[in-house]
Amino acid sequence: MTTPTMKGKVCLVTGGTAGIGFVAARELARRGAQVTIVGRDQGRGAAAVNLIRAVADSGAVEFVAADLAEQTQVRTFAAAFAERRPRLDVLVDNAGGLFGRRRTTSRVSNGPSPSITWATF
Ligand SMILES: NC(=O)c1ccc[n+]([C@@H]2O[C@H](COP(=O)([O-])OP(=O)(O)OC[C@H]3O[C@@H](n4cnc5c(N)ncnc54)[C@H](OP(=O)(O)O)[C@@H]3O)[C@@H](O)[C@H]2O)c1
């Protein structure tokens, strides 16, 4: 079976520094896609980028730090991404969590503080 090419495709993988998201990002980059991975930790992001660059073109992957449980960071990230990329072909909306105890994120404007479970999905 031949591996389908993703050459020229613009992909975004949230939670791309570990686990399922990392493997998805690596395989997209390996197939020629331009992949942006998002996570909260710069060190984990740099390590993931290095691992992906070992199997793909060096320009095929970039890391952007953002806490996607925080609406202000989601909006800042999305605006910067839209400015840099002409389009988005694939969104792997992978970062997320289900937490046993209710916790909330920061408020957006004067609205309520969302549950962190809701905010990360
Ligand atoms: N593994 C399973 O068996 C399983 C089963 C069912 C569903 N899932 C779901 O599949 C997804 C991935 O699971 P996984 O096991 O691969 O997870 P994982 O290994 O824990 O990786 C989670 C990824 O998400 C990032 N992340 C977590 N919180 C974030 C936040 N607030 N903002 C931005 N990035 C964040 C982490 O990076 P940083 O920590 O650096 O931010 C990491 O890159 C999750 O949504 C999980 O609930 C997994």
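Which residue just after α1 takes a positive phi? In this predicted model, that residue is Gly32, with a phi of about 105 degrees. The elements on either side of Gly32 in sequence, helix α1 (residues 19–30) and strand β2 (residues 34–39), are described below, beginning with the sheet.

The sheet is open and consists of four strands in the order β3-β2-β1-β4, with parallel pairing. Strands β3 (61–65) and β4 (90–93) each have a single partner and stand at the edges, so one side of each has no neighbour in the sheet. From one strand to the next, the twist averages 15 degrees. Strands of a sheet pair through backbone hydrogen bonds, in either a parallel or an antiparallel manner. Here, strand β1 (residues 10–14) runs parallel to β2 and is joined to β2 by five bridges. Across this pairing, Leu12 stands opposite Thr36, and Val13 stands opposite Ile37. On the β3 side, β2 is again joined by five bridges, and the two strands run parallel. Thr36 stands opposite Glu62 of β3.

Strand β2 is mostly covered, with six of its six residues buried. In a regular strand, side chains alternate between the two faces of the sheet. Gln34, Thr36 and Val38 lie on one side of β2, while Val35, Ile37 and Gly39 lie on the other, and all of these residues are buried, so that both faces are covered. Val35, in β2, counts as buried because it has 29 C-beta neighbours inside 10 Å, where 20 or more are required. Beyond its neighbours within four places in sequence, Val35 is in contact with Cys11, Val13, Ala25, Leu28, Ala29, Ala60 and Val61. Between Val35 and Ile52 the C-alpha to C-alpha distance is 9.9 Å, at a separation of 17 residues in sequence.

Helix α1 contains 12 residues, which at 1.5 Å a residue should span 16 Å; the end C-alpha atoms are 17 Å apart, which agrees. The buried residues of α1 are Gly21, Phe22, Ala25, Arg26, Leu28 and Ala29. Viewed down the helix axis, the buried residues of α1 fall within an arc of 165 degrees and therefore line one face of the helix. An α-helix has 3.6 residues a turn, so residues three or four places apart point the same way. The cover over the buried residues of α1 includes β1, β2, α2, β3 and β4. On the face of α1 turned away from its buried side are the exposed residues Gly19, Ile20 and Val23.

Two crossover units share strand β2. One is a right-handed β-α-β unit made by β1, α1 and β2. The other, made by β2, α2 and β3, is also a right-handed β-α-β unit. Within the latter, helix α2 (residues 42–53) packs on the sheet and touches both β2 and β3. The direction of α2 makes about 170 degrees with that of β3.

Conventions
Residues are numbered from 1 along each chain as its sequence is written. This is a predicted model: local features need pLDDT of at least 70, side-chain atom pairs count only at pLDDT 80 or more; totals for chains, interfaces and linings use all residues. Two strands pair if DSSP finds at least two bridges between them. Axes are lines fitted to C-alpha atoms, for helices over the stretch in contact, and angles run from 0 to 180 degrees between N-to-C directions. Two residues are in contact if their C-beta atoms, placed from the backbone, lie within 7 Å. A residue is buried if 20 or more other C-beta atoms lie within 10 Å of its own, exposed if 12 or fewer, and partly exposed in between; C-beta atoms are placed from the backbone. The expected span of a helix is 1.5 Å times one less than its number of residues. The arc is that of the directions from the helix axis to the C-beta atoms. A crossover is right-handed if, with the strands pointing away from the viewer, the path from the first strand over the helix to the second runs clockwise.
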